[in-house]
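Student: I've got a chain on my screen and a list of terms I never quite trust. Can we go through them one at a time?

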Amino acid sequence: MVTLNLNNCKPFAQGYNRYCFQHPNNPDRCVKVIRPENIKARYRRQSPVKRVLGTARLNDNVQELKAHTQPAIRQLLRVSKESIVWSHLPRFYGSVETTLGTANESEIIRCADGSVAPTLESLIRGNKVTPELQEAISRFEAWLADTHILTRNLLPHNLVVTDRSGQSELFLVDGLGAPTIPQALAGVPGWSDRYITRKIARFHTRLAWEQDNRGLSWEDFQRLR
């Protein structure tokens with residue numbers, strides 16, 4: 001197996017848990033590398049009971065690999081509906097070895113002009129959601145409801161907005177998959193619908209806070225809703 005050399009590369013984006021690099025041999029792909037120091041820090045903050053569960057559940061790459069095998073995605077791929085899966089998710093290529101450790105490889109979502117798609121957070125901070133952007137948000141929410149693909153809490157910095165199809169569309173670049181118990185309940189009739197409805201409602205609250213938090217923390221803002 002060829003090991004990708006990322007030693008002289010700079011990430012084009014980063015979160016608390018991962019660095020995102022452009023693939024050195026393919027500019028249309030992203031390589032996500034774990035920041036191990038943050039996994040250790042998160043583990044140390046866990047209660048003794050949770051520490052028994054190990055660190056794998058704190059590894060976003062491990063969780064992302066698992067999330068792409070969830071039943072809703074497997075079923076759509078099984079019946080050749082790949083275009084539906086990837087209409088709001090970056091194409092996913094699995095794990096790859098790099099000089100910075102095992103990474104996940106996926107599509108980089110770009111805009112029509114070739115630039116990396118901006119986050120939803122960057123577009124709405126302090127501004128109103130435009131009618132065009134609201135339509136894109138509605139299409140994304142309808143996709144979740146129709147496909148029953150499960151996610152964690154929908155956060156604007158985990159969604160990007162691209163115009164590559166001629167209109168604005170949202171793509172979830174982080175936060176795919178549900179915790180173990182919610183995922184286990186996905187087969188119960190009606191449960192996924194209720195789970196996704198709750199996630200969308202929370203997403204609306206988050207969007208309102210991002211646009212006008214009135215100086216309140218996210219926790220305090222939620223209590224007022």
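Tutor: Let's start with β2 and β3, which form a hairpin with two residues between them. This is a predicted model, so local features need pLDDT of at least 70 and side-chain atom pairs count only at pLDDT 80 or more, while totals for chains, interfaces and linings use all residues. Residues are numbered from 1 along each chain as its sequence is written, and side-chain values use heavy atoms, with hydrogens and water left out.

Student: What makes β2 and β3 count as a pair?

Tutor: Two strands pair if DSSP finds at least two bridges between them. Strand β2 (residues 18-23) and strand β3 (residues 26-34) have six bridges, in the antiparallel sense, so they pass that test. One of the bridges puts Cys20 opposite Lys32 in β3.

Student: And what makes something a strand in the first place?

Tutor: Strands are DSSP runs of E with at least two residues, and helices are runs of H or I with at least four, numbered from the N terminus. By that count the chain has ten helices and seven strands.

Student: How do you know that the chain is as compact as a globular protein of that length?

Tutor: Its radius of gyration is 18 Å, and the globule rule gives 17 Å for 225 residues; the two are close, so the chain is as compact as a globular protein of that length. The radius is taken over C-alpha atoms, and the rule is 2.2 Å times the number of residues to the power 0.38. The C-alpha atoms fill a box of roughly 50 × 50 × 45 Å along the principal axes.

Student: Back to the strands. Which ones make up the open sheet, and in what order?

Tutor: Five strands, in the order β1-β2-β3-β5-β4, with antiparallel pairing.

Student: Why are β1 and β4 called edge strands?

Tutor: β1 (13-14) and β4 (92-98) each have a single partner strand, so one side of each is left without a neighbour in the sheet.

Student: What holds up the claim that β4 pairs with β5?

Tutor: Five bridges join β4 to strand β5 (residues 101-107), and the two run antiparallel. Among the facing residues, Phe92 stands opposite Ser106 in β5, and Glu97 stands opposite Thr102. A hairpin joins β4 to β5 through two residues.

Student: Where does β3 come in?

Tutor: β3 pairs with β5 over five bridges, again in the antiparallel sense. Here Cys30 has Ser106 in β5 as its bridge partner.

Student: What makes Ser80 stand out in its backbone?

Tutor: Most residues other than glycine have a negative phi. Ser80 is not a glycine, yet its phi is positive, about 60°. You'll find Ser80 in the loop between α4 (71-78) and α5 (82-85).

Student: Where else should I look for a positive phi?

Tutor: At His148, where phi is near 65°. His148 lies in the loop between α7 (131-147) and β6 (159-162).

Student: Why is Ser80 called exposed, but His148 partly exposed?

Tutor: Buried means under 20% relative accessible area, exposed over 50%, and partly exposed in between (1.4 Å probe, protein chains only). Ser80 has 66%, so it is exposed. His148 has 32%, so it is partly exposed.

Student: What about Pro71 and Arg198?

Tutor: Pro71, found in helix α4, has 43% and so counts as partly exposed. Arg198 is in helix α9 (residues 191-211), and its 48% makes it partly exposed. Across the whole chain, 42% of the 225 residues count as buried.

Student: How do you know what Arg152 is in contact with?

Tutor: Contact means heavy atoms within 4.5 Å. Leaving aside neighbours within four places in sequence, the residues that meet this for Arg152 include Gln63, Gly175, Tyr195 and Lys199. Arg152 lies in the loop between α7 and β6 and is partly exposed, at 32%.

Student: How much of the contact in the chain is between residues 24 or more positions apart?

Tutor: Such residues account for 60% of the contacts with a separation of 6 or more. For a C-alpha distance, take Arg198 and Asn153: they are 45 residues apart in sequence and 9.3 Å apart in space.
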